[in-house]
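Student: Hey, could we take a close look at the disulfides in this one? I'd like to know which cysteines are joined and where they sit.

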Amino acid sequence: MTKRMLKYSTAIGAVAMFGAFGGAPALAQTDGADDGSGDVIITVGTRRDQRSAADTPAPVDVISEDEVLNQGDNDIQNILRTSVPSYNVNTYPISDAATIIRPANLRGLAPDSTLVLVNGKRRHRAAVISFLGGGVSDGAQGADISVIPAIALRQVEVLRDGAASQYGSDAIAGVINFVLKDADDGATFEAEWGQTYEGDGDQYAISANVGLPIPVGEGGFLNISAEYGETDATSRSVQRDDAAALIAAGNTAVANPAQIWGQPNLNDDWTVFVNAAIPFSEQFEAYAFGNYSERQTEGGFFFRNPNTRPAVFSNDGGATLLVGDLTADGSGMCPTIPIVNDVPDPTLLAQVTADPDCFVFNELFPGGFTPRFGGDLSDQSITAGFRGALGNLTYDFSYTYGQSEIVFFINNTVNASLGPNTPTSFNPGSYIQTDNNFNADFSYAIPNDMFASDIILSFGGEHRNENFEIIAGDPASFEIGPLAAPSTAFPGGQGFSSSSNGFGGFTDASAGETSQKNYAIYAEVESDITENFTLQGAVRYEDFYDSFGDTLNWKVGALYNFNDNLVFRSTYSTGFHAPTAGQANVTNITTQFSGGQLQDQGTIPLSSAAGQFIADRLFLDTGFRPTLGPEESKNFTAGIGFSLGEIDMTVDYFRINVSDRIAISDQQDFLAELIEVAGENMVMVPMGATTSQVLNLLDGANVLNAADFAGSEDLTTFGFFTNSFDTRTQGIDVVASTDFELYQDSSTSMALAFNWTDTTVTDQGTNTAAPLSNGRRRQLEDTIPNTRGNITFNHYHGALRALVRFNYYGSFFECHLDAVSATAPQFCDLPHDGGAQFPIDLEFGYNVMENIQLIAGAQNVFNSYPDALSAANAGVAGAEYPPIAPAGFNGGFYYFKVRAEF
């Protein structure tokens with residue numbers, strides 16, 4: 001039948017869903033159950049009970065427990081990247097908070113355009129906002145799925161369709177539902193160790209899953225999963241050109257390499273997931289599930305050159321060292337120290353070093369310094385509810401609490417304004433995201449004689465409260481010290497930067513809580529009009545009553561079985577994605593390359609003094625004011641499923657038009673605007689003045705109050721969240737599979753998955769205050785490869801199991817270091833065009849005993865690397881390979897596992 005054909009094209013194996021989301025509750029739990037035809041049961045894309053991936057108008061990929069576990073990686077994000085070609089995630093070295101929680105993209109859209117569910121319930125957002133996300137993910141705040149251990153999962157369902165009218169905000173690119181195991185007996189234990197071919201990146205993990213009965217009511221279950229592991233850093237670095245020049249000039253304090261590009265350290269990475277249910281009768285059950293997770297992430301930052309780093313070592317591009325006068329009245333006799341051929345004048349440097357009234361940071365860091373940045377993550381959630389049936393009416397009431405917290409730290413750096421009294425380790429503060437969701441879901445089966453099935457009417461409501469909190473850092477992480485504060489001798493200060501260099505601390509002014517509340521009501525109807533024809537419709541009203549107003553979205557879908565070997569399906573829907581409370585109110589300072597130099601760049605809320613200042617200046621220049629509101633989408637899919645002999649295949653086309661996309665604006669030249677205001681008010685500004693100095697001078701002239709701009713003193717440029725451009729993303733997904741016998745008493749399966757996705761910016765926001773630049777446009781269009789795919793063979797013979805996977809990652813573009821420019825045709829100062837990559841994975845498993853399996857394998861077995869950066873590009877910051885290479889840049893990785901099942 002066609003249903004069998006569609007099953008094989010979307011899943012490996014048949015498993016049962018834990019309950020039904022918004023439909024009749026599956027009170028009797030049976031491992032390996034299906035809908036009677038062998039098809040895998042799903043709950044995304046439909047609210048009908050006991051539906052399979054073959055029965056839905058929208059395409060749904062189902063990743064089985066075996067496919068999740070039989071991979072060398074224990075990070076669920078990397079597992080999804082392998083299994084779902086339209087899902088992309090990168091390592092993101094030296095990317096601030098994006099290194100701690102990596103942003104991922106489904107179907108070429110931002111991470112927070114994908115809704116994440118666990119057991120059919122909305123997963124809370126991560127505390128991290130990805131300010132450095134390779135262009136596509138910049139500014140996104142999605143859920144953190146990396147805390148979900150693979151051993152806890154019974155299956156993963158990926159709905160490749162817009163579903164905001166069914167599930168609410170965020171479901172523009174699709175929905176990913178993680179289904180937790182629900183067995184009431186048995187246990188699985190697994191231990192893994194692996195290492196890259198280069199001998200670094202050691203990784204180990206110990207995990208377990210245990211099912212226990214609950215002798216209450218009709219007999220329930222308690223299923224517990226836990227995992228502990230650590231991952232060592234890697235380095236795929238070359239020496240920076242400027243560091244090499246310093247060494248050649250005789251500076252022996254410079255490290256080699258001065259800057260590390262590679263995956264970060266993951267320390268004390270542990271997580272526990274619990275899933276439980278108690279059926280008190282055949283018509284009523286209570287359930288709960290949740291998690292607690294922790295880990296520490298630590299990685300490198302950009303090298304601070306001891307001759308040129310602005311506002312620390314020099315303020316004139318390396319012509320002279322920046323010398324601080326430590327006297328209270330500016331009476332220090334501090335000489336100017338010229339730099340010739342990368343060497344500061346040794347006599348004058350020695351004079352300053354010996355003089356207690358003068359100071360240069362070369363005294364503390366003669367070879368410069370490279371900060372170490374990271375964060376301590378804690379993640380917790382609990383969902384509790386009850387569900388049941390009253391005749392033809394089913395109900396599900398639930399409450400979900402989720403919280404994600406990141407406590408940042410940065411070491412081996414300075415607050416330059418504190419001079420010799422600066423600490424070198426800082427706590428810049430914390431982000432905390434807390435979500436509270438209440439849901440009430442109902443379904444009613446309406447019997448009728450007109451159609452081939454009951455009419456399933458589903459309806460319900462939801463209330464969400466999302467809270468984003470910023471905790472201020474330690475005072476030294478944002479303090480304006482004596483070398484930056486204005487004085488009688490130095491009205492603008494001395495030009496040293498305040499705040500912890502690399503990641504500035506959150507000030508008391510930027511700290512605080514903001515919340516966003518909304519409620520929603522929805523209705524959905526679905527029925528088999530005939531035995532071969534299914535129709536679906538949905539409508540959802542959502543009101544962000546304290547922020548962005550309301551929206552109404554709808555969806556229609558149809559499935560038609562032409563015959564046993566041919567099926568057609570299609571959907572059309574509207575959708576939306578609202579800005580998060582964090583995006584609307586966050587303040588962040590980071591270090592990025594601009595014009596070939598490191599600069600402190602920021603993201604600030606439009607409601608801040610600096611945001612209002614720039615908004616006013618933009619209005620004067622363009623006649624438009626920047627605004628922030630929801631983005632809207634229109635989503636169309638059309639697919640066909642068919643059989644070619646023993647090969648089953650589906651082909652689906654999708655098109656997603658998104659208008660008024662939420663993103664961080666291009667960087668606005670804050671310093672230039674301040675200098676222009678100074679000119680308008682006849683305030684003299686010296687050449688090379690920093691932002692802090694200009695603010696102090698304007699304050700002294702009563703033009704503005706510098707205290708209102710706390711947290712913005714070190715920013716040369718900054719961006720803000722706004723809506724300014726439209727995109728069209730379209731693509732094709734091809735999935736095929738077959739089973740065959742390679743030789744007697746063996747079985748082999750083949751599964752193919754291919755994706756082509758193309759994103760085009762259709763409107764760069766011409767009639768907005770902050771249009772998208774051509775450089776950012778190219779990042780959005782070309783960073784993610786257009787084509788991805790893999791072919792996987794699984795072979796079984798007695799106690800032996802073998803897997804081989806041929807992966808394909810198409811060509812891509814990286815604007816290295818996000819060095820976007822206005823220069824055509826590349827629109828990037830450091831362009832890199834990466835070619836296609838063909839990594840191959842191998843794994844072998846052998847049951848040495850009935851319940852014990854030994855496993856050995858290799859990811860990227862032939863040690864394939866992406867095309868290396870050109871020598872010129874690599875020398876700028878020391879990266880040997882493009883950091884956002886879609887297949888990674890660590891090369892081959894081999895591993896060993898032992899798995900015991902009881």
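Tutor: Let's go through the disulfides one by one, and then glance at a sheet elsewhere in the chain. Keep in mind that this is a predicted model.

A quick reminder before the details: a disulfide is a covalent bond between the sulfur atoms of two cysteines. To find such bonds here, we look for cysteine sulfurs within 2.5 Å of each other. With that rule, you get two disulfides.

Start with C334 and C358. Their sulfur atoms are 2.1 Å apart, so the pair passes the 2.5 Å cut-off. Look along the S-S bond and you'll find a torsion of -95°, making this link left-handed. Where are the two ends? C334 is in the loop between β15 (324-325) and β16 (339-340), while C358 belongs to strand β18 (residues 358-359), so the bond ties together parts 24 residues apart in sequence. The two ends also have their own surroundings to check. C334 has 26% relative accessibility and counts as partly exposed, because partly exposed covers the range between 20% and 50%. C358, on the other hand, has a relative accessible area of 3%, so it is buried.

Now for the other pair, C815 and C828. Here the S to S distance is 2.2 Å. The torsion about this S-S bond is about 100°, so this disulfide is right-handed. C815 sits in strand β39 (residues 812-815), and C828 is in the loop between β39 and β40 (831-834); the two cysteines are 13 residues apart. Try clicking on both: C815 is buried, and C828 is buried too.

How do the pairs follow each other along the chain? If you number the bonded cysteines in sequence order, the pairing reads 1-2, 3-4.

While you have the model open, turn to an open sheet of five strands. Its order is β3-β8-β9-β6-β7, and the pairing is mixed. β3 (60-64) and β7 (121-122) are the edge strands; each has a single partner, so one side of each has no neighbour in the sheet. The partner of β3 is strand β8 (residues 153-159), and the two run antiparallel, with five bridges between them. You can spot one facing pair there: V60 is opposite L159 of β8. Helix α3 (residues 76-83) packs on this sheet and touches β3, β8 and β9 (174-180), with its direction at about 120° to that of β9.

Key:
Residues are numbered from 1 along each chain as its sequence is written. This is a predicted model: local features need pLDDT of at least 70, side-chain atom pairs count only at pLDDT 80 or more; totals for chains, interfaces and linings use all residues. Side-chain values use heavy atoms; hydrogens and water are left out. Helices (H or I, at least four residues) and strands (E, at least two) are DSSP runs, numbered from the N terminus. Buried means under 20% relative accessible area, exposed over 50%, partly exposed in between (1.4 Å probe, protein chains only). Two strands pair if DSSP finds at least two bridges between them. Contact means heavy atoms within 4.5 Å. Axes are lines fitted to C-alpha atoms, for helices over the stretch in contact, and angles run from 0 to 180 degrees between N-to-C directions.
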